[in-house]
Amino acid sequence: MNEKFDFDQMIENKEQHYSDKGFINKIKSSGGKLGSKALHAAATLFVALKSEDMPKSSKLIVLGALGYFILPFDFVIDVLPLVGLSDDVFVITAALAKVYMSITDDMKADADALLREKLGDRYKG
């Protein structure tokens, strides 16, 4: 199997599984329940996805993680106390670990600013 992956095409068609609006709505609705570290990790992935410096192969990992995060249904239902968002936290953390070497301090700062803008006092970062 010698197929060449077309990263540009995959990233271009991301709306099938992911949207910026869906991400923002998810952090607004679950932000306080997710925990500040996981919330910041998700926002960092969100910012990294938009960066020209992020390798395309890493963007696919990020798209998968953020797509799972905003899914209306999960393996573990989000409304369950304490465990409902645990699968989201795991997926976000695993994705961040995979792309960590491509994450810059500017991306982390932009993620912090995004959370402060969208969540205000609810963000304790």
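These are my notebook entries on the helix packing and the nonpolar core of this structure, which is a predicted model.

**Entry: the core**

I started with the largest nonpolar core, which has 34 residues. Which of them touch the most other members? I noted Tyr18, Phe23, Leu45, Phe46 and Leu66. Then I looked up where the core residues come from. Helices H2 (20–34), H3 (36–50), H4 (56–70), H5 (86–99) and H6 (105–119) each supply at least two of them. H3 gives the most, with 10 residues. A reminder to myself: in soluble globular proteins, nonpolar side chains tend to be buried together.

**Entry: Leu66**

Next I picked Leu66 and skipped its neighbours within four places in sequence. What is left in contact with Leu66? My list reads Tyr18, Phe23, Ala42, Leu45, Phe46 and Leu49. Tyr18, Phe23, Leu45 and Phe46 had already come up among the core members with the most partners.

**Entry: H3 against H5**

I turned to how H3 sits on H5. Their axes are 9 Å apart, and the two helices pack at an angle of about 50°. H3 and H5 are therefore oblique to each other. I also wrote down that their crossing is left-handed. On the H3 side, the contact is made by Ala38, Ala41, Ala42, Thr44 and Leu45. H5 brings Val89, Ile92, Ala95, Leu96 and Val99. Sorted by class, I get nine nonpolar residues, one polar and no charged ones.

**Entry: H4 against H5**

H5 also packs with H4, so I looked there too. The axes of H4 and H5 come within 9 Å and cross at roughly 170°. Is H4 roughly parallel or roughly antiparallel to H5? The angle is over 145 degrees, and that makes H4 roughly antiparallel to H5. From H4, I listed Ser58, Ile61, Val62, Ala65, Tyr68 and Phe69 in the contact. From H5, I listed Asp87, Asp88, Val91, Ile92, Ala95, Lys98 and Val99. By class, this contact has nine nonpolar, one polar and three charged residues. Ile92, Ala95 and Val99 of H5 are in this list, and I had them down for the contact with H3 as well.

**Entry: Lys50**

Last, I checked Lys50, which lies in helix H3. Its relative accessible area is 45%. Lys50 counts as partly exposed because that value falls between the 20% and 50% cut-offs. Which residue did I pair with Lys50 across the sequence? I took Met107, 57 residues away along the chain. The C-alpha atoms of Lys50 and Met107 are separated by 9.6 Å.

Note on methods. Residues numbered from 1 in each chain as written. Predicted model: local features only at pLDDT ≥ 70, side-chain atom pairs only at ≥ 80, totals over all residues. Heavy atoms only, no water. Core = buried A, V, L, I, M, F, W, Y, C linked by side-chain atoms within 4.5 Å. Buried < 20%, exposed > 50% of the residue type's maximum accessible area, 1.4 Å probe, protein only. Helix = DSSP H or I, 4+ residues; strand = E, 2+ residues; numbered from the N terminus. Contact = heavy atoms within 4.5 Å. Axes fitted to C-alpha atoms, helices over the stretch in contact; angles between N-to-C directions. Parallel < 35°, antiparallel > 145°, perpendicular 65-115°, else oblique. Left-handed = near helix turned anticlockwise from the far one by under 90°. Nonpolar A, V, L, I, M, F, W, Y, C, P; charged D, E, K, R; others polar.
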